Every structure is written in structure tokens, then in C-alpha cells.
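Let's take a walk through a protein model together. Keep the 3D view open and turn it as you read.

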Amino acid sequence: MTSTLSKRWNSYVEPIEPLRYAAWALKAVVFEAIRTQGIGAVLAFACLRDQAFALWYRTISPYFLRFEETTAIPQLLSQAHGTILELGPGLGNQLPRFDQSKVRHIYGVESNSFFRADLEAKIEETGLQGRYTLITSGVEDSDVLERHGVTDGSLDTIVSIQVLCSTPKPEAVARGLYKLLKPGGKFIFWEHHQSHDFVTRIVQSFWNPAWRFGVGGCSMNRNMLHILKEAGEWENFDTTLKGDEEPWSMLPRIWGELIKSGDAEI
């Protein structure tokens, strides 16, 4: 009992440290904007938040890289093939994990323009020039995607590594992504989700407002299973999902390779 309570407490206070970094990043960005542009700079607060999130992510990225190497992410990314849509590439951390012998072209959809320089450098570093197109928009902006040739039934693979947690209207986004896949196409994902433990769900709800504000709109408590299941008809939904949830996990993950039904209409 004591061990379980200790694990719960340690997990429930884990958000403090990343939120401390988020507060530091926002303070640094706002103060620098005021120093260089005057007090009026705070009127573009949404832009400052994007810039602060990029600074936050860049600062703690080494931790993410080390942690992800211990997860299913490298194996999942190696299965991506053909024409690929990468959601929220950020700094480009996932690019070295693609098996380039399987890649025809990757479209990276990143809504935060403050990641562009880092991502372009990573594209060059990994030798993907000419096979990686960066689209600066939200994944929900279907008109922008269409202008780049990303249309219904055009994709072999979609990759989502902790991105659906922060998209607006995730149910509608998931349905839209499903339509972009060819029949038999893969949706490769590694996402966190709402806990199945009642007490932990309460703690997630407590932290969620501050988490969403400081961490790029990320929501701790989305019902990811429901979002993915309702996106469309999958050949293997009940057999592909894996997870690492413990009752006290604040960010329990699920992952897998969902295959769009071959009988699905485009």
C-alpha cells in the first residue's frame, strides 16, 4: 500500500517540472519581445505562446530523445512507407527513425512556424531534401493540404507521435486523416490518453488547464481510444493496440499501426 501511494504521489506531481520550464520559456519570450518591440508586443500573445512552446521543446528535447529510444517509437517509425504524412514534426526528432529505403515522400504538417529553422536543418542533416515537404499549417486545414497534393486516398502512411493530444476538434481531425489514407494504408501512432483510473482522471483534470496553456495546447485527458475507433473502419483495431498504462500514470500511452479497411470508400 505504501509503495502504491508513493508511486501515485510521485506521478501526480510530475507535471510541476515541465510546467516550471514552460513558465520560464514564456517569461523569457515575453520579456525579450517587450525589450525589443515595446509593450505592444504582448498583443500578439498567441504568437508569443507558440514561440515559448518552441523554446520549451527545444530545451527539453534531449530528454524526449532519450526517453523515446526506450519506447516503441523507433520500431513504429521504421514501418512507415510510401507517401507519408507526418503530423507535428516539431524539431524533426523523428526523421532519423524513418527507413529511407521505404520512403517515397514525406509531407510534414507543422502549425508552429518557430520550428521551421530547426526542422529544415534536420531535413538537410538526414538527407531528405527533395523528399520532405514542410507544410506550415494545422492538419485540419484541408485546403492547404490539397494545394500540396495531399487529398483523400493519397497517402500510404500517416504518422502521429503525440500530436492528436493538441489538435483542435480531434474527432473531426481523426476522421479527416482517415479519409486521406488509401484503403490498406497505415495510421502509425504513439499517443497519451485519459487514464482509466478514477483518481488519476481527477488529477489529470486538475492539471489539464495549466498543461494545455503551457505545453502547446496539449490535453492530458482525451479519450484517444474513442477518437481513433470512431475515425473510420479499421481492419485491426481490436488486435493492434498496445499500451503501458499503470493506475497512477499521468500520461499513459497507447500505440499501434491501424490499417484502413480495404473495403473503405475514399
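## A walk through the model

His-192 is buried, because its relative accessible area is just 3%, and under 20% counts as buried. Keep in mind as you look around that this is a predicted model. You'll find His-192 in strand β5, which covers residues 181–192. So who keeps His-192 company? Setting aside neighbours within four places in sequence, His-192 is in contact with Gln-162, Cys-165, Cys-218, Ser-219, Met-220, Met-224, Leu-251, Pro-252 and Arg-253.

Pick Gln-162 from that list of contacts. Gln-162 sits in the loop between β4 (155–161) and α7 (170–180). Its relative accessible area is 22%, so Gln-162 is partly exposed. There's also something to notice in its backbone. Most residues other than glycine have a negative phi. Gln-162 isn't a glycine, yet its phi is positive, at about 55 degrees.

Now look along that loop for Lys-169, which also lies between β4 and α7. What is its phi near? Lys-169 has a phi near 50 degrees, a positive value in a residue other than glycine. Is Lys-169 buried or exposed? With 68% relative accessibility, Lys-169 counts as exposed, since the cut-off for exposed is over 50%.

Time to zoom out. The protein has 10 helices and 7 strands. Its radius of gyration is 19 Å, close to the 18 Å that the globule rule gives for 266 residues, so the protein is as compact as a globular protein of that length. Along the principal axes, the C-alpha atoms fill a box of roughly 55 × 50 × 30 Å. Of the 266 residues, 50% count as buried. Contacts can also link parts of the chain that are well separated in sequence: among contacts with a separation of 6 or more, 74% are between residues 24 or more positions apart.

Next, the helices. Two packed helices are described by the angle between their axes and the distance between the axes. Start with α2 (residues 16–37) and α3 (residues 45–68): they pack at an angle of about 130 degrees, and their axes are 8 Å apart. That angle makes α2 oblique to α3, because it falls outside the ranges for roughly parallel, roughly antiparallel and roughly perpendicular. The crossing of α2 past α3 is right-handed.

Which residues do the touching? On the α2 side they include Pro-18, Tyr-21, Trp-24 and Val-30, and on the α3 side they include Phe-45, Leu-48, Trp-56 and Ile-60. By class, the residues of this contact between α2 and α3 split into 16 nonpolar, 2 polar and 1 charged.

Helix α2 has another partner, α8 (residues 198–214): the axes of α2 and α8 come within 10 Å and cross at roughly 40 degrees. That makes α2 oblique to α8 as well. This time the crossing is left-handed. Ile-16, Pro-18, Leu-19, Ala-22 and Leu-26 in α2 meet Trp-207, Ala-210, Trp-211, Phe-213 and Gly-214 in α8. The contact of α2 with α8 has 9 nonpolar residues, 1 polar and no charged ones.

Let's pick out a few single residues. Ala-28 has its place in helix α2, and its relative accessible area of 31% makes it partly exposed. Gln-51 lies in helix α3, and it is partly exposed too, with a relative accessible area of 31%. Not counting residues up to four places away in sequence, Gln-51 touches Val-29 and Phe-114. Then there's Ser-142, which is found in helix α6 (residues 142–147). At 40% relative accessibility, Ser-142 counts as partly exposed.

How far apart in space are residues that are well separated in sequence? Here are three pairs to try with the distance tool in your viewer:

| Pair | Apart in sequence | C-alpha to C-alpha |
|---|---|---|
| Ala-28 and Ser-78 | 50 residues | 37 Å |
| Gln-51 and Thr-151 | 100 residues | 30 Å |
| Ser-142 and Lys-260 | 118 residues | 20 Å |

To finish, go back to where you started. Turn the view until you can see His-192, buried at 3% relative accessible area, and then find Lys-169, exposed at 68%.

Key: Residues are numbered from 1 along each chain as its sequence is written. This is a predicted model: local features need pLDDT of at least 70, side-chain atom pairs count only at pLDDT 80 or more; totals for chains, interfaces and linings use all residues. Side-chain values use heavy atoms; hydrogens and water are left out. Axes are lines fitted to C-alpha atoms, for helices over the stretch in contact, and angles run from 0 to 180 degrees between N-to-C directions. Helices (H or I, at least four residues) and strands (E, at least two) are DSSP runs, numbered from the N terminus. Angles under 35 degrees count as roughly parallel, over 145 as roughly antiparallel, 65 to 115 as roughly perpendicular and the rest as oblique. A crossing is left-handed if the near helix is turned anticlockwise from the far one by less than a right angle, and right-handed if clockwise. Contact means heavy atoms within 4.5 Å. Ala, Val, Leu, Ile, Met, Phe, Trp, Tyr, Cys and Pro count as nonpolar, Asp, Glu, Lys and Arg as charged, and the others, Gly among them, as polar. Buried means under 20% relative accessible area, exposed over 50%, partly exposed in between (1.4 Å probe, protein chains only). The radius of gyration is taken over C-alpha atoms; the globule rule is 2.2 Å times the number of residues to the power 0.38.
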